Amino acid sequence: MRVGVVGADPRGFGARAHIPAIQESSILTLQAICTNHDETAKVAAEKHGARHWYAGIESMLDSGEVDLVTIAVRPALHSTLALAAISYDIPVYCEWPLALNSPEAQHMARTAATNGTPTATGLQGRFSPTIRRVKDSLDSGEIGTPLSFSASLVQPPFQVDSDREWLTRSSEASGALFVASAHLTDMLQFLLGNMDSVVAVVGESLMEGTHGDGQSKFRWATQDTVQYLAKFEAGVSGTVNVTNTARRPAGFSLQILGDAGQVDMTAPEYPQITPLTAVISDRSGQVRSEVQNETSADPSPSANVKRALESFANSVLDGQDFEPDFATGTRLHHILDAIAESDRSEKWVEVTQP
């Protein structure tokens with residue numbers, strides 16, 4: 001399939017993950033790169049070996065040169081770009097966060113469903129071989145009935161260049177709530193089923209930071225700590241702790257306890273884009289199996305994006321449904337709404353079904 005990539009800033013996820021994923025694939029072709037300006041699009045296309053370049057998504061969609069579009073720009077632009085692709089009935093893979101908020105995401109999902117256009121949300125953690133192995137283990141009853149879980153992701157603040165200050169604002173769907181917490185929550189839903197309700201505390205430290213160029217300072221305006229207790233429809237419950245304020249990062253860990261065993265997962269950073277290990281133990285604590293990403297040197301963010309894009313492309317070619325689609329992304333936005341509402345109300349909040 002001929003793929004057109006929207007977004008090629010060298011610091012962005014398009015250049016770091018989408019483009020390498022397509023280049024490494026045997027079923028995808030990097031057909032075009034689209035940016036806001038002809039000059040930057042041409043430079044990116046020549047750098048990465050794309051066959052065409054375009055300034056503005058309409059010119060790329062009009063060309064008839066692409067069979068699938070991927071979007072990896074700031075979330076504020078996702079809706080406009082995705083709806084443009086949908087209007088041309090071109091399958092679209094949009095990075096997470098899907099939109100700035102749940103109403104915007106729901107509009108995208110409904111428009112795609114009405115038009116019959118295949119969609120995918122960039123929740124690539126679901127395609128990690130390790131996570132898939134754990135999913136199979138849970139589904140087969142290898143640890144019995146899951147009873148509880150405990151998840152943690154402790155990271156430092158990420159670097160922000162002075163020309164990308166949108167990354168410092170929650171209003172731009174950035175920060176621990178929209179990024180790290182969302183990816184981790186989607187992983188839990190993939191493994192344990194739909195979340196039913198949540199009680200949460202969300203922190204906004206307003207810490208001072210220094211831009212990546214080192215020439216100026218700024219103050220964070222994002223939710224940088226998220227802690228919640230969740231109940232799932234299947235009856236399992238557990239806790240999640242995510243923060244971007246660590247000075248000594250501890251990475252990722254997830255423990256799922258069952259009545260006949262347990263699963264322990266660890267990763268040095270974000271589990272969807274860094275090497276991930278899982279240990280599955282029986283009732284007595286003896287290790288049954290230990291699995292990790294195909295190679296321990298698999299830190300590239302493109303690895304699981306490649307798996308996700310290829311799965312999406314195959315579903316389009318075969319005329320099959322795909323998850324996570326825009327409806328999946330919309331549900332995840334509703335969970336973030338429930339987390340924020342619980343923080344405000346200091347009460348349990350049910351997750352709205354989109």
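**Bonds, turns and cores: how the labels are assigned**

Modeller: P97 sits in the loop between β5 (92-95) and α5 (102-115). Helices (H or I, at least four residues) and strands (E, at least two) are DSSP runs, numbered from the N terminus. This is a predicted model, in which local features need pLDDT of at least 70 and side-chain atom pairs count only at pLDDT 80 or more, while totals for chains, interfaces and linings use all residues. Residues are numbered from 1 along each chain as its sequence is written, and side-chain values use heavy atoms, with hydrogens and water left out.

Colleague: What makes the peptide bond between W96 and P97 a cis one?

Modeller: Its omega is about 0 degrees. A second cis bond joins E323 and P324, where omega is about 10 degrees. P324 is found in the loop between α8 and α9. Such bonds are pointed out because most peptide bonds are trans.

Colleague: Why is D89 listed for its phi?

Modeller: Phi of D89 is near 55 degrees, a positive value, and the residue is not a glycine. Most residues other than glycine have a negative phi, which is why a positive one is listed. D89 lies in the loop between α4 (78-87) and β5. E346 also has a positive phi, about 60 degrees, without being a glycine; its place is the loop between α9 and β17 (349-350).

Colleague: Which of the words buried, exposed and partly exposed applies to D89, and which to E346?

Modeller: Buried means under 20% relative accessible area, exposed means over 50%, and partly exposed is in between (1.4 Å probe, protein chains only). D89 has 43%, so it counts as partly exposed. E346 has 71%, so it counts as exposed.

Colleague: How do you know that E65 and R2 form a salt bridge?

Modeller: The term asks for a side-chain nitrogen of Lys or Arg within 4 Å of a carboxyl oxygen of Asp or Glu. In E65 and R2 the closest N and O atoms are 3.7 Å apart, so the pair qualifies. This bridge links distant parts of the chain: E65 is in the loop between α3 (57-63) and β4 (68-71), and R2 is in strand β1 (residues 2-6), 63 residues apart. E65 is partly exposed at 24%, and R2 is partly exposed at 28%.

Colleague: What is the N to O distance between E323 and R126?

Modeller: It is 4.0 Å, and the two side chains meet in a salt bridge. E323 lies in the loop between α8 (302-318) and α9 (326-345), while R126 lies in the loop between β6 (119-122) and α6 (129-139), 197 residues apart. E323 is called exposed because its relative accessible area is 54%. R126 has 9%, so it counts as buried.

Colleague: How many salt bridges does the structure hold?

Modeller: It holds 14. One of them pairs R169 with E172, with the closest N and O atoms 3.7 Å apart. R169 is partly exposed at 32%, whereas E172 is buried at 11%. Salt bridges that share partners also join D9, R11, D161 and D163 into one network.

Colleague: How many disulfides are there?

Modeller: There are 0. C34 is in no disulfide, the nearest cysteine sulfur being that of C94, 13 Å away. A disulfide needs a pair of cysteine sulfur atoms within 2.5 Å, so these two sulfurs do not qualify. C34 counts as buried at 2%, and C94 is buried at 0%.

Colleague: What makes a set of residues a nonpolar core?

Modeller: The set must consist of buried Ala, Val, Leu, Ile, Met, Phe, Trp, Tyr and Cys residues joined through side-chain atoms within 4.5 Å. The largest such core has 101 residues, and those with the most contacts inside it are L191, Y228, L254, M265 and I339. Helix α7 (residues 177-192) gives the most to this core, with 10 residues. Apart from it lies another core of 6 residues, among them V160, W166, M207 and F218.

Colleague: Which residues is L254 in contact with, leaving aside its neighbours within four places in sequence?

Modeller: They are F149, S150, A151, M187, L188, L191, V263, D264 and M265. Contact here means heavy atoms within 4.5 Å.
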